[in-house]
Amino acid sequence: MTAPAATQASTPAVPSATPPSVPPSHPTAALAGTLPAAAVDAVLRAALLEDAPSGDITSQVLIPADARATAVLAARVPGVFSGGEVFAAAMKLTDPEAAVELLVADGVAFDAGTALARVTGNARAVLLAERVALNLVQRMSAIATKTAEFVALVDGTGARITDTRKTTPGLRVLERYAVRCGGGANHRFGLSDAVLAKDNHLAVLTGGDPSKLTAVLRAAKARLGHTTHFEVEVDSMDQIGPVLAAGVDTIMLDNFTLADLAAGVALVGGRARVEASGNVNLATVAGIAATGVDVISIGGLTHSVAALDLGLDLELDVDAGRAGT
């Protein structure tokens with residue numbers, strides 16, 4: 001049985017597609033070119049290999065080999081778009097000659113019924129890419145939409161909404177990009193990017209003796225390069241002073257009450273960045289931001305979103321495919 005085109009194609013993962021018109025001054029313009037092509041390619045190839053390891057036998061049986069299709073990516077519900085380049089790359093991976101037009105830019109809010117993208121290409125190839133493209137774009141747009149809700153609730157406070165490492169294995173680069181599409185920012189990408197000492201690290205370092213905290217953190221910081229960010233998580237007010245004395249860059253206040261968050265911000269006094277985490281949801285985020293924290297990290301941006309309802313509406317020119325059969 002013929003293998004799917006996705007396992008054979010050598011075209012770039014983020015191919016040329018007709019982009020939507022976005023003024024250079026629009027906030028979404030900064031997203032352009034920030035999604036790595038190689039990462040998108042790897043995700044798509046793995047997903048297509050999983051979905052059709054030996055081809056799409058349904059389309060091979062039912063759809064003429066030279067039939068053409070035009071498909072529109074349409075929104076069933078309102079939201080914020082993310083993943084236009086991924087949609088285009090999926091379609092071009094199965095049909096390098098497909099024409100893809102992105103009708104809405106990533107990071108732009110849309111209403112139910114909005115046409116987000118259009119593709120014209122080989123019908124079998126469009127159907128082969130359909131589910132993979134939808135799965136990824138639905139998830140990315142859900143993350144962008146959820147992030148935008150949080151960002152709107154802290155508007156004017158100076159607090160930055162960020163994600164965490166609680167992402168879907170293998171999809172972090174896409175989910176982190178979707179957070180940016182929603183107006184959020186990214187925390188460290190992975191364990192190799194920055195130091196973040198949490199409660200378990202501190203317990204090992206100090207042996208349970210809080211009087212050692214400043215010294216062990218200073219010693220650790222001295223071993224780092226000058227460009228490496230150093231963050232420490234604390235879960236009580238009495239840890240803030242010793243951590244601050246070590247000269248760290250960011251102090252994470254984990255599961256603090258609003259009163260303690262405000263007191264912690266005052267105690268730090270601008271000598272380090274203050275991050276709040278734990279018990280953050282749409283009902284609590286505005287109050288947390290009002291305490292004066294600099295960053296609010298939210299695992300729920302990526303780990304518990306439900307796919308946004310987007311659909312792919314196809315129109316097949318079957319007659320053209322039947323010619324000569």
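**Entry 1: α1 against α3**

I began with two helices and noted that α1 and α3 cross in a right-handed sense. The model I am reading is a predicted one. I then looked up the geometry of the pair: α1 spans residues 37–51 and α3 spans residues 84–94. Their axes come within 10 Å and cross at roughly 55°. I logged α1 as oblique to α3 because the angle is neither under 35 degrees nor in the range 65 to 115.

Next I listed who touches whom. From α1, the residues are Val40, Asp41, Leu44, Arg45 and Leu48. From α3, I wrote down Val86, Ala89, Ala90, Leu93 and Thr94 as the residues they meet. Sorting the residues of this contact by class gave me seven nonpolar, one polar and two charged.

**Entry 2: β3 and β5**

I moved on to strand β3, residues 99–102, and asked which of its residues lie on the covered face. I found Val100 and Leu102 there, while Ala99 and Glu101 make up the uncovered face.

For the pairing, I looked at strand β5, residues 115–122. β3 and β5 run antiparallel to each other, and I recorded four bridges between them. I also looked up the bridge partner of Glu101 in β5 and found Arg118. Glu101 thus enters my notes twice: on the uncovered face of β3, and as the partner of Arg118.

**Entry 3: β8 and β9**

How many of the residues of strand β9 are buried? I checked residues 250–254 and found five of five buried. Unlike β3, which has an uncovered face, β9 is covered on both faces. I noted Thr250, Met252 and Asp254 on one side, with Ile251 and Leu253 on the other.

The neighbour I looked up is strand β8, residues 230–234. β8 and β9 run parallel and are joined by four bridges. Within this pair I marked Glu233 as standing opposite Met252 in β9. Met252 is itself one of the buried residues of β9.

**Entry 4: the whole chain**

I closed with the totals. The chain has 325 residues, and buried ones make up 47% of them. I noted twelve helices and twelve strands. Along the principal axes, the C-alpha atoms fill a box of roughly 85 × 35 × 30 Å.

Last, I looked at how contacts are spread along the sequence. Taking contacts between residues at least 6 apart in sequence, I recorded that 73% join residues at least 24 apart.

How values were computed:
Residues numbered from 1 in each chain as written. Predicted model: local features only at pLDDT ≥ 70, side-chain atom pairs only at ≥ 80, totals over all residues. Heavy atoms only, no water. Axes fitted to C-alpha atoms, helices over the stretch in contact; angles between N-to-C directions. Parallel < 35°, antiparallel > 145°, perpendicular 65-115°, else oblique. Left-handed = near helix turned anticlockwise from the far one by under 90°. Contact = heavy atoms within 4.5 Å. Nonpolar A, V, L, I, M, F, W, Y, C, P; charged D, E, K, R; others polar. Buried < 20%, exposed > 50% of the residue type's maximum accessible area, 1.4 Å probe, protein only. Pairing = 2+ DSSP bridges.
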